[in-house]
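Subject: A structure for you to look at

Hi there,

Here is the structure I promised to hand over. Have a look at it first, and then read on for what turned up.

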Amino acid sequence: MRNLNPPLGPLSVDQFMRRHWQRKPLLIRAALPDFKPPLSPEALFELATRDDVESRLVSQPRGRWRLDRGPFDAQDLPARTRRAWTLLVQGVDLHVDAVHDLLARFRFVPDVRLDDLMISYATDGGGVGPHVDSYDVFLLQAHGRRRWRISAPRAIELLPDAPLRILSHFEAEQEWVLEPGDILYLPPLWGHEGTALGECMTYSIGFRAPSRLELLRGFLADCADTVSGPDPRFGDRGLAPTRTPGRLPEPMTRSLAGWLTNWRPTKRQIDDYIGRFLTEPKPSVWFEAQARPPALSAWWEGAQRRGVRADRRSRLAYRGRHLFINGECFDMLPGTSASLRRLADSRELPPDALRATPVDSDLARSLHQWFCAGWINHSR
Ligand code: SIN
Ligand code: CO
């Protein structure tokens with residue numbers, strides 16, 4: 001995955017990050033001037049039939065919002081001649097290489113902040129209503145035209161009883177009609193409403209950012225599974241008989257409170273968890289391990305000839321001596337760290353990066369192990 005030119009029009013990446021990222025919207029006309037959508041509407045409908053792909057259908061029969069969840073057979077979708085319906089397909093980058101490759105344009109933001117690429121297909125008048133998202137998004141107009149209306153963050157009220165989060169009051173402050181190749185960047189919590197002008201497809205390059213509660217929930221569950229060492233149990237030798245058996249015993253409360261107050265995760269536990277948490281694959285992702293794993297030596301010969309690349313669904317990151325891949329932490333042994341960092345940064349290692357490395361090296365063994373797990377592949 002090469003880091004291609006960022007689609008920011010006349011702005012440099014530095015200017016965009018300083019002035020717009022997480023601050024204010026930006027309309028970029030002809031951000032990808034010769035953009036040809038890699039997926040036809042038919043190919044998108046086909047994806048929506050799969051049960052490993054998250055898809056939703058939004059329509060408004062008799063003026064009431066309706067949300068259906070996929071998978072959808074072809075006959076479940078309204079006719080393309082019917083007005084005002086939208087099909088949303090999440091995580092298309094996990095399934096289509098050409099769509100995944102588009103994300104390389106946005107790698108001026110660290111990978112762990114990238115979430116996925118969602119594609120919407122809509123017929124004339126279609127849209128998902130005015131709403132806010134909690135995350136940054138680049139809305140790339142892929143096919144046809146869409147009118148976007150936006151408003152600055154403010155206290156929000158949602159339509160009661162609607163199956164989607166739709167703002168009950170939305171007053172647009174700015175609006176534009178996006179043409180193919182245009183991009184609208186929106187920071188979190190900006191109100192927005194997109195309406196298809198004729199048949200239209202929009203690609204949403206979405207980001208993610210954990211909330212404190214999400215982090216804590218996972219961390220505490222993880223600690224509960226991995227805490228080692230002695231496990232003291234409460235004892236109350238010398239307990240005086242009680243005449244108020246319903247009362248919480250004070251010494252017991254104090255002891256337990258002390259355990260909770262004094263428990264501290266180690267730095268290693270914290271660092272390790274953050275990397276694993278941020279590289280955890282999406283819940284819909286399953287890696288197929290090789291049914292018949294190849295012998296290391298034969299595999300390494302092929303890898304040296306063709307190079308290796310990360311599977312498009314793999315999440316990688318490194319910090320210090322640790323490489324995190326798909327929710328697991330590996331110590332980078334001496335001699336492997338430059339190559340493994342390169343794998344994480346460019347998502348591939350070309351043949352010349354592997355040629356001088358012997359088969360009995362830690363690098364060859366790690367890459368072979370990850371190939372067998374389905375996390376990396378030979379290069380295309
Ligand atoms: C859409 O493409 O219809 C919706 C995208 C969004 O509003 O985030
Ligand atoms: Co949105």
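**What was found**

Please keep in mind that this is a predicted model.

Let's begin with the whole chain. It has 380 residues, and 43% of them are buried. If you trace the fold, you will come across 10 helices and 15 strands. The C-alpha trace spans about 80 × 70 × 45 Å along its principal axes. Among contacts with a separation of 6 or more, 80% are between residues 24 or more positions apart.

Next, the surface. The chain exposes about 21,200 Å², and 52% of this comes from carbon and sulfur atoms. As for charge, there are 53 positive and 47 negative ones, and their mean positions are 3 Å apart.

Now for the metal site. Which protein residues are donors of the cobalt ion (ligand 2)? They are His131 (NE2), Asp133 (OD) and His192 (NE2), at 2.0 to 2.1 Å from the ion. Along the chain, these donors follow the spacing H-x1-D-x58-H. Asp133 sits in the loop between strand 5 (114-122) and strand 6 (137-151), while His192 belongs to strand 9 (residues 191-207), so this pair ties together parts that are 59 residues apart in sequence.

Are these two donors buried or exposed? His192 has a relative accessible area of 3%, so it is buried, being under the 20% cut-off. Asp133, at 29% relative accessibility, counts as partly exposed because that value falls between the 20% and 50% cut-offs.

Enjoy exploring it!

Best wishes

How values were computed. Residues are numbered from 1 along each chain as its sequence is written. Chains are lettered from A and ligands numbered from 1 in the order in which they are written. This is a predicted model: local features need pLDDT of at least 70, side-chain atom pairs count only at pLDDT 80 or more; totals for chains, interfaces and linings use all residues. Side-chain values use heavy atoms; hydrogens and water are left out. Donors are N, O and S atoms within 2.8 Å of the metal (3.2 Å for Na, K and Ca); water is not among the atoms, so sites may look incomplete. Helices (H or I, at least four residues) and strands (E, at least two) are DSSP runs, numbered from the N terminus. Buried means under 20% relative accessible area, exposed over 50%, partly exposed in between (1.4 Å probe, protein chains only). Contact means heavy atoms within 4.5 Å. Accessible areas come from the Shrake-Rupley method with a 1.4 Å probe; for residues, only the protein chains shown count as cover. Lys and Arg count as positive and Asp and Glu as negative; His and the chain ends are not counted. The place of a charge is taken as NZ of Lys, CZ of Arg, CG of Asp or CD of Glu.
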